[in-house]
Amino acid sequence: MTAQWQANVSLKPFNTFGIDVKARHLVQAHDDADVLQALTAAAERGLDVLVLGGGSNLLLTQDVDGLVLHMASRGRRIVADDGEHVLVEAEAGEPWHPFVQWTLAQGLCGMENLSLIPGTVGAAPMQNIGAYGVEIKDVFAGLTALDRQTGAMREFNLQDCAFAYRASVFKANPGRWLILRVRFALKRTLDPHLGYGPVRQRLQEQGIEQPTAQAISEAICSIRREKLPDPEVLGNAGSFFKNPVVSSACADRIRAVYPDLVAYPQGEQGVKLAAGWLIERAGWKGYREGDAGVHRLQALVLVNYGQASGAQLHALAGKIQDDIRARFGVELEMEPNLC
Ligand SMILES: Cc1cc2nc3c(=O)[nH]c(=O)nc-3n(C[C@H](O)[C@H](O)[C@H](O)COP(=O)(O)OP(=O)(O)OC[C@H]3O[C@@H](n4cnc5c(N)ncnc54)[C@H](O)[C@@H]3O)c2cc1C
């Protein structure tokens, strides 16, 4: 059955900033056939296509004068299991956190630190999602994508994806690859990643010395609920800027003025600075312009108090970038995709 085309659809419920722009057309793709049909029809009609997952890493600054293809495919399965190593696969439209919870319920370990990240499985490789010391590259086994340039299906292995900090071959080539399903290599034995102080501390507070994957997931969920605004209550897209990597000389220069600079050495690549620290130190935390603002507790999170437009949030981001450049000589790069 051909997927239904809807016209003039508000995208407010489809993006976590809650920005009220319209899509000229919207199609819900439930399987590969829906995707192929929609892309063919869009090409015939000369329409640009925006692929949309959970809309949690997007800043929509204008109406989409083309087709929004919303990935609504579902399905998750164990593909191989040797008793210790387990290969699982999920369709692109599967919501990420329920998928993580499903792996934990199967007794599988590896995804626990990535709990409660919004969005879909298909978008996760886009920016190599990461949290609490783990990125999806650490559990990635492969994915199937459609090459929108050639119309051919292609399998990607770990090397093909060129994963890096909030980066991948998919992010570097916007719109080229449409990810259909992703595979993950998980284990039955836990290799805990507790390098982040707050997670260890939360577990200790609960008297847990030898945590299970489930306990780590629950600790991380509770920390995230405290730290990050819930998009259902206050529109946001999580961290709005990437943590910038600068030369050691640049970090030393800033530290000479601000001895409490938060910085993480990255070997030969330089030093990663905490973007949130820079923004907070520059006095932006809690700043508000109309309905666009910087969260009062998290300087790295821009928020929509209600009626902010994408353009207003983008303008605020630009002011912050200019100020950080002028004050610290550091370039901040936006994390959400601008549309
Ligand atoms: C409260 C909050 C907390 C967050 N915390 C984190 C965090 O800890 N770590 C982290 O890394 N991110 C975090 N994020 C960002 C976001 O959740 C992730 O980037 C997530 O993977 C985005 O998924 P999505 O389905 O919402 O993508 P969307 O926002 O729908 O799309 C993002 C980009 O991917 C493209 N895309 C979507 N689906 C596909 C597909 N199937 N194939 C090809 N391209 C596609 C879109 O065109 C767009 O360019 C957070 C966001 C919020 C709101």
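**Exercise 1.** Which backbone atom of Asn 57 lies 2.8 Å from an oxygen atom of the ligand? Place this contact within the surroundings of the ligand in this predicted model.

*Solution.*

Step 1. The atom in question is a backbone N or O atom of Asn 57. With a cut-off of 3.5 Å for a pair of N or O atoms, the distance of 2.8 Å is that of a polar contact.

Step 2. Two further pairs involve an oxygen atom of the ligand. An N or O atom in the side chain of Ser 56 is 2.6 Å from such an atom, and a polar backbone atom of Pro 118 is 3.0 Å from one.

Step 3. On its own the ligand has 980 Å² of accessible area, of which the protein covers 94%.

Step 4. Two or more residues of the shell come from each of β3 (49–52), β8 (130–131), β12 (177–187) and β13 (235–239).

Step 5. The shell comprises 36 residues, and the closest are Val 51, Gly 53, Gly 54, Ser 56 and Thr 120. Sorted by class, the shell has 20 nonpolar, 14 polar and two charged residues.

**Exercise 2.** Describe the second largest pocket by volume, lining and class of residue.

*Solution.*

Step 1. The volume of the second largest pocket is about 290 Å³.

Step 2. The lining consists of 17 residues; Gly 110, Asp 138, Val 139, Ala 185 and Lys 187 are the closest to the centre of the pocket.

Step 3. β7 (85–91) and β12 are the elements that give two or more residues to this lining.

Step 4. By class, the lining divides into nine nonpolar, four polar and four charged residues.

How values were computed:
Residues numbered from 1 in each chain as written. Predicted model: local features only at pLDDT ≥ 70, side-chain atom pairs only at ≥ 80, totals over all residues. Heavy atoms only, no water. Near = heavy atom within 4 Å. Polar contact = N/O pair within 3.5 Å; in protein donor to acceptor, adjacent residues only side chain to side chain. Areas by Shrake-Rupley, 256 points an atom, 1.4 Å probe, with all protein chains shown as cover. Helix = DSSP H or I, 4+ residues; strand = E, 2+ residues; numbered from the N terminus. Nonpolar A, V, L, I, M, F, W, Y, C, P; charged D, E, K, R; others polar. 1 Å grid on protein atoms, 1.4 Å probe; cavity = no way out; pocket = protein on both sides within 12 Å on 5 of 7 lines; lining within 4 Å. Points joined across faces, edges and corners; volume = space filled by probe spheres on them.
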